[in-house]
Each structure stands twice: as structure tokens, then as C-alpha cells.
Amino acid sequence: MKTTSYFEFAHRTIVKSGSGTHILVPDLIKDLGGTRPVLFADKGITAAGLTKKIKNIFEIVPGIQLAGVFDDIDQDAKSSNINKGIKYFKECNGDSIIAIGGGSVLDTAKAVKWAYSRKINHVEAALTGNLLETSPEAQPLGVPHISIATTAGTGAEVSSIAVVYNELLGVKCNLMNPYLNSDIAILDPDLTVGLPPKVTAFTGMDALTHAVEGYFSNKSTTMSDAFALHAAKLIVNNLKTAVKNGSNVAARAIMLQASTMAITSFQLAMAAIPIHNLAHTLGAKYGIPHGLANAVLMPRVLTHLPQLYLPKIKEFSQAIGVQSDSDDPQVLLAESIAIINNLREEIDLPADFADFNIDPAHIPQLVPAVLADPSALSFRIPEDVIVKVCQDVVGSKVIVN
């Protein structure tokens, strides 16, 4: 990292954090100019009663009502869900968006906002790979927007990135626009208390991966490093508690805050993201939840791609609690990997993808798929590293000519 090099720092989203903050939503959307908000959620959020919780608040606040509720959203922000969401938003004559849920819901809502402003009805043709919009093309999208995070992992409530699964192409595409993120993000730990332990674990490891890839990126800065290091420290110290004692509101609040910080670092420094590159590819092909994919892949990538991590490992190792008298980067990297592996074990996540029946014979076919993923454009993972990582996660060895 060259401290004299040019970089930008931006955090457009206002963050409102604390127990009970979701009750502010009707007044906040009115303050933003919304008069007919559409609430985006998914079936799980609705079944858990959180959709009704938000609807009930609107029923007691005068002067504004929800125009509709759209909860036809699946894992991975699928293009078909987004297309349906665009249609529904128009049918409701919506003028603003409230999204409650995890990354899939929040990214779907962001993509709907973007497509609506661009007069796009079907996103598959518009999102065929990474799409980066910057000034002067990128302008305010004109749709007041609030995100309510119910998981502590993706950080989608504040990020200006939406990961969209293009079902026609079978690839995950990154949509990036500085106005894509919500105007206001609600971090209310009360809404995360009912989250299943496994989902808490998945999403927490996703947040840790954002911190890792933000910190070790070749485009990291002093500011992105600050967010990444503190986020990593908070996650390592609090994720186990949040998983094992789901009613611990304090731990859940810290995890929400850490997730927001981690994604801030990740998007500010996004360039070399080999863990996400592999997770996108394997997740799309085998239906592996994104957070689980990151949890399994992260220590393997750190092991087989040490040249990316060794130059900055000392400060990171200190942040996550490595106690060592050694200044040898190799030793500090090994001990950092051990801490990450121990955390994964303590929160009861598997060490591999055995449950997804990945045929080791298919590993050679995964290499070009990983290299073709949009995440590979800024950093190409060496082919031998892809093979070694894939061999580790399926627990078998193959010979690649």
C-alpha cells in the first residue's frame, strides 16, 4: 500500500444502530420523500413474523402506508426474482423501497431500484458480467431506500454493490454504482435474535471474509484497513457467542456493526478477492450458500496463496488474537489460519463440501469456470492454486495435466 497514492473514501448510507430502531422506518421513509413504499422480504422473513412486524408499524403511523409487500425472493438474488420485483413495484405504483432481510433480499431490492431507474424490465440482458457505473454516468437513482439487515454478514445494507445471479448465463454478476446502496441502514439486533445458528454462522464467516479480502487487497488504503482490522477483531471475538447464544443481543449488535465495517473495507479496496471468486463459482454450480462457501474456502486460499497475505500478515494476526513471539510472516500466517479454522469448528461449520457431492473428477472443469467468473477480472488465481483449493474442499486428489 502506497500511502501517497490517490484514493477515495465514501460512505453514503446513514447507519442507525440499536435495539428497537426498526420502529423509526415509517418516519424515516417519509423524511426521504417516500409516499408509497414497497416492502421487499423473502418467505423466511415473512414466516418469522418480521414482515408483519414492519407492516404493523405502518398501520399505527399516520400519513403513510405500504403500497405492497414483495417476498418472492430466493437465495442469491436471482434475475427472475428481480424481474418479478420490478413488475410488482410498477404495479403498486411504488415510489420508494424498504428491504428487510439478508443479502439476497437487500441485493434484490438494490437491483430493482437500479433497473426501475434505468427503465429495464429484464436484468439478464443488462447484467452479463461486472457492471461498474461511475460519474458522470452514475447519478442519484431517485428512489428513497431503506435497508433493514436481519443477518450480520453480507453488509448489503450499506454496500454499493449488488451480486446478481444471472440464471440464463449461470454466473454471479457484480452491479456497482455509488448510488446503489440504501439511503439509511437499520441495524437492529432485536430482529436477528431468531436467526438459526447455522445462518448466523454462515453470515458471520461471510463478514470475516469481507474483512480479510478488504485488508489484503492490492488496492487497500489506510482507511479501508482500519475498517477491516477492527471488523475482523470484533467478529473473531463475538461470532461464537452469537451462534451459541442467539439471544445475546449485545453480541448480535456487535456482529451487525462488524459486518457493516467489513463490507465498507471490501468495497473500498475491491480488487484481489480470490476467496469470493472461488465461492461465487462453486456456489453457483453446486448451490452452496455463499457464507458457507467462504467459511470453507477462506483458510484453504490463505494456505495455497500465501504470497498475497504474507506482506501484511503481522497486523492482521495481531487483530484476530494471534499470540506469538515470532515475527516470521510464515509463522504468523499459519497461526492466523489456525484461528480461523478453530472459529469455523467452534461454530459447527463443516471443513469441506462433502454434503454437496462434488465429483473430484470435475475439478479440471472448475478451473476455467473460476477464471471466467467476473470476480477474476482484477485478480487471476493461478490455475494450480485453484486445483489445490478444490482438491482440499472435496477431500480428494486428482491429476491435472
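How many of the 401 residues of the chain count as buried? The share is 56%. Keep that in mind as you look around, and remember that what you have open is a predicted model.

**Stop one: the whole chain**

Start with everything selected and switch on the cartoon view. You should find 15 helices and nine strands. Show just the C-alpha trace and turn it about: along its principal axes the trace spans about 60 × 45 × 45 Å. The radius of gyration is 20 Å, which agrees with the value near 21 Å for a compact globule of 401 residues.

Now think about who touches whom. Take the contacts between residues at least 6 apart in sequence, and 79% of them join residues at least 24 apart.

**Stop two: the surface and the charges**

Switch to a surface view. The chain exposes about 16000 Å², and carbon and sulfur atoms supply 53% of that area. Next, colour the charged side chains: there are 32 positive and 38 negative ones. The centres of the two sets lie 4 Å apart.

**Stop three: Phe89 and Tyr116**

Time for some rings. The chain has nine aromatic pairs. For one of them, select Phe89 and Tyr116: their ring centres are 4.9 Å apart and their planes meet at 80°, so this pair is edge-to-face, as that label needs an angle over 60 degrees. Follow the cartoon away from each ring and you will see that the pair links distant parts of the chain. Phe89 sits in helix α4 (residues 79–91), while Tyr116 belongs to helix α5 (residues 103–118). The two residues are 27 apart along the chain.

Are both partners hidden to the same degree, or is one buried and the other partly exposed? Phe89 has 1% relative accessibility, so it counts as buried. Tyr116 has a relative accessible area of 32%, so it is partly exposed.

**Stop four: an aromatic cluster**

Select Tyr215, Phe216, Tyr309 and Phe316 together and show their side chains. These four residues form one aromatic cluster.

**Stop five: Glu335**

Finish at helix α13 (residues 329–346), where you will find Glu335. Its relative accessibility is 28%, so Glu335 counts as partly exposed.

Which residues does Glu335 contact, leaving aside its neighbours within four places in sequence? Select Val322, Gln323 and Ser324 to see them. To check a distance yourself, pick the C-alpha atoms of Glu335 and Gln323: they are separated by 8.6 Å, and the two residues lie 12 apart along the chain.

Conventions: Residues numbered from 1 in each chain as written. Predicted model: local features only at pLDDT ≥ 70, side-chain atom pairs only at ≥ 80, totals over all residues. Heavy atoms only, no water. Helix = DSSP H or I, 4+ residues; strand = E, 2+ residues; numbered from the N terminus. Rg over C-alpha atoms; globule rule 2.2 N^0.38 Å. Buried < 20%, exposed > 50% of the residue type's maximum accessible area, 1.4 Å probe, protein only. Contact = heavy atoms within 4.5 Å. Areas by Shrake-Rupley, 256 points an atom, 1.4 Å probe, with all protein chains shown as cover. Lys, Arg positive; Asp, Glu negative; His and termini not counted. Charge placed at Lys NZ, Arg CZ, Asp CG, Glu CD. Phe/Tyr/Trp six-rings, centres within 6.5 Å; stacked < 30°, edge-to-face > 60°.
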